[in-house]
Amino acid sequence: MSNYLIKRVLMMLLTLWIIVTLTFSLMHAIPGDPFASESDQLPEQILANLRAKYNLDEPLPIQYVLYLKNLITLDLGPSIKSDTRGVNDMIADGFSASATLGLQAIVIALFFGILFGIIAALNRNKWLDYLAMALAVLGVAIPSFIMAPLLINLFAIKLPLFPVATWGTWMHTVLPSLALAFGPLAIITRYMRASMIEVMNQNYIRTAEAKGVPTVSLVVRHGIRNAILPVVTFLGPLIASLITGTFVVEKIFAVPGIGKYFVDGIFNRDYPVILGTTIFYSSILIVTIFLIDIAYTLIDPRIKLTNKEG
């Protein structure tokens, strides 16, 4: 187990280094720099001083090494477009709002996705199954940035039940959480239905049914635990993406999350912000996938974490 954990940690660090290197390279491959738009407004000497302040006058290999040295100390650097705030501060401020929406969306998607999937599987080819699958198709077909305006129109304009375009109380989190949860809920429903049908057709389930074991007991004690593995697999990238913020939905609902800083960083060519938010997102994704792998062993004891696993 210890050898496996060491191997995984090293692979995680290698993956993160590759992401940093690719992001750094692609970002600097675009012609110009963050001050290109101001070249006609500021004297050349001031522009040179600004580039020197952020090491943009150094060769790319030097810039890369300097960034890695700061990154080792968990310093994501200053924002080029904000003289008073660093990237660490921006992420710290935005993560709270993004995580709140993400966790709520995960709970909604998991609870209703598993519930609807079980109901559909136990009522296969009946109207409840068709209704759940219709919901799943809609969830996959309608992206969150389309669902968000629909929810605003219905529950904030026609039925003024929830506030929008502001931030402060839990009421402000309801609509963006629903918009984020709708797509994952549909996917989890499909996964859970297919897996539950397969599990409920296993011989040991049929034997238990023949012996008179109640269906509810079979579903709760055996069905869900064995059928939930595909859902757990999907949870890794889902948790990372929702907790770190979904940019468009946050923009639509004016949520002060990480997505806002990432989008603004791209438009402003703010290199430290782009790199910092990308690294933060990637770190959450990598760690989450690692924790999901460990969760497999808790859900299904037949799965072992050893060096023999690929």
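1. Let me start with Thr15, which is partly exposed, with a relative accessible area of 32%. Thr15 sits in helix H1, which runs over residues 2-29. From Thr15 to Phe35 is 20 residues along the chain, and their C-alpha atoms are separated by 31 Å. Keep in mind while reading that this is a predicted model.

2. On the overall fold: I get 13 helices and zero strands for the protein. Going along the sequence, the pattern is simply α-α-α-α-α-α-α-α-α-α-α-α-α. The C-alpha atoms fill a box of roughly 85 × 60 × 30 Å when taken along the principal axes.

3. Next, packing and surface. The protein has 310 residues, and 42% of them count as buried. If you take the contacts between residues at least 6 apart in sequence, 74% join residues at least 24 apart. The exposed area comes to about 16900 Å², with carbon and sulfur atoms supplying 69% of it.

4. A word on charges. The protein has 22 positive and 19 negative charges, and the mean positions of the two sets are 16 Å apart. As for pairing between charged side chains, the structure holds two salt bridges. Each gets its own point below.

5. The Arg193 and Asp129 pair. Their side chains meet in a salt bridge at 2.7 Å, N to O. Arg193 belongs to helix H7 (residues 171-200) and Asp129 to helix H5 (residues 127-141), so this pair ties together parts that are 64 residues apart in sequence. What about burial? Asp129 has 1% relative accessibility and counts as buried. Arg193 also counts as buried, at 17% relative accessibility, and the cut-off for that class is under 20%. I'd look at this pair on screen before going on.

6. The Asp264 and Lys251 pair. Here the side chains meet in a salt bridge at 3.8 Å, N to O. The cut-off for a salt bridge is within 4 Å. Asp264 lies in helix H12 (residues 258-268) and Lys251 in helix H11 (residues 247-252), so the pair ties together parts that are 13 residues apart in sequence. Asp264 is partly exposed, with a relative accessible area of 25%.

7. The membrane annotation. According to the UniProt record, an unreviewed entry, the "transmembrane region" label covers residues 101-122, 134-157, 169-188, 227-249 and 279-299. How do two of these spans look in the model? Residues 101-122 are 100% helix and 0% strand, and their end C-alpha atoms lie 31 Å apart. For residues 169-188 the end C-alpha atoms lie 29 Å apart, and that span is 90% helix and 0% strand.

8. Leu275 deserves a look. Leu275 is placed in helix H13, residues 271-299. Is Leu275 buried or exposed? At 3% relative accessibility, Leu275 counts as buried. Which residues does Leu275 touch, leaving aside those up to four places away in sequence? The partners are Val20, Thr23, Phe24, Met27 and Tyr67. For a sense of distance, the C-alpha atoms of Leu275 and Ala141 are separated by 31 Å, and these two residues are 134 apart along the chain.

9. Now the backbone, where two residues caught my eye. Most residues other than glycine have a negative phi. Asn55, however, has a phi near 65°, a positive value in a residue other than glycine. Asn55 is found in the loop between helix H2 (44-53) and helix H3 (60-72). As for its surroundings, Asn55 is partly exposed, with a relative accessible area of 31%.

10. Leu74 is the other one. Its phi is near 65°, again a positive value in a residue other than glycine. Leu74 lies in the loop between H3 and helix H4 (87-122). With a relative accessible area of 65%, Leu74 is exposed.

11. Last, Arg221. Arg221 has its place in helix H9, residues 215-227. At 59% relative accessibility, Arg221 counts as exposed. How far is Arg221 from Asn55 in space? The two are 60 Å apart, C-alpha to C-alpha, and 166 residues apart in sequence.

Key. Residues numbered from 1 in each chain as written. Predicted model: local features only at pLDDT ≥ 70, side-chain atom pairs only at ≥ 80, totals over all residues. Heavy atoms only, no water. Helix = DSSP H or I, 4+ residues; strand = E, 2+ residues; numbered from the N terminus. Buried < 20%, exposed > 50% of the residue type's maximum accessible area, 1.4 Å probe, protein only. Contact = heavy atoms within 4.5 Å. Areas by Shrake-Rupley, 256 points an atom, 1.4 Å probe, with all protein chains shown as cover. Lys, Arg positive; Asp, Glu negative; His and termini not counted. Charge placed at Lys NZ, Arg CZ, Asp CG, Glu CD. UniProt positions renumbered as here; feature names shortened; annotations may be inferred.
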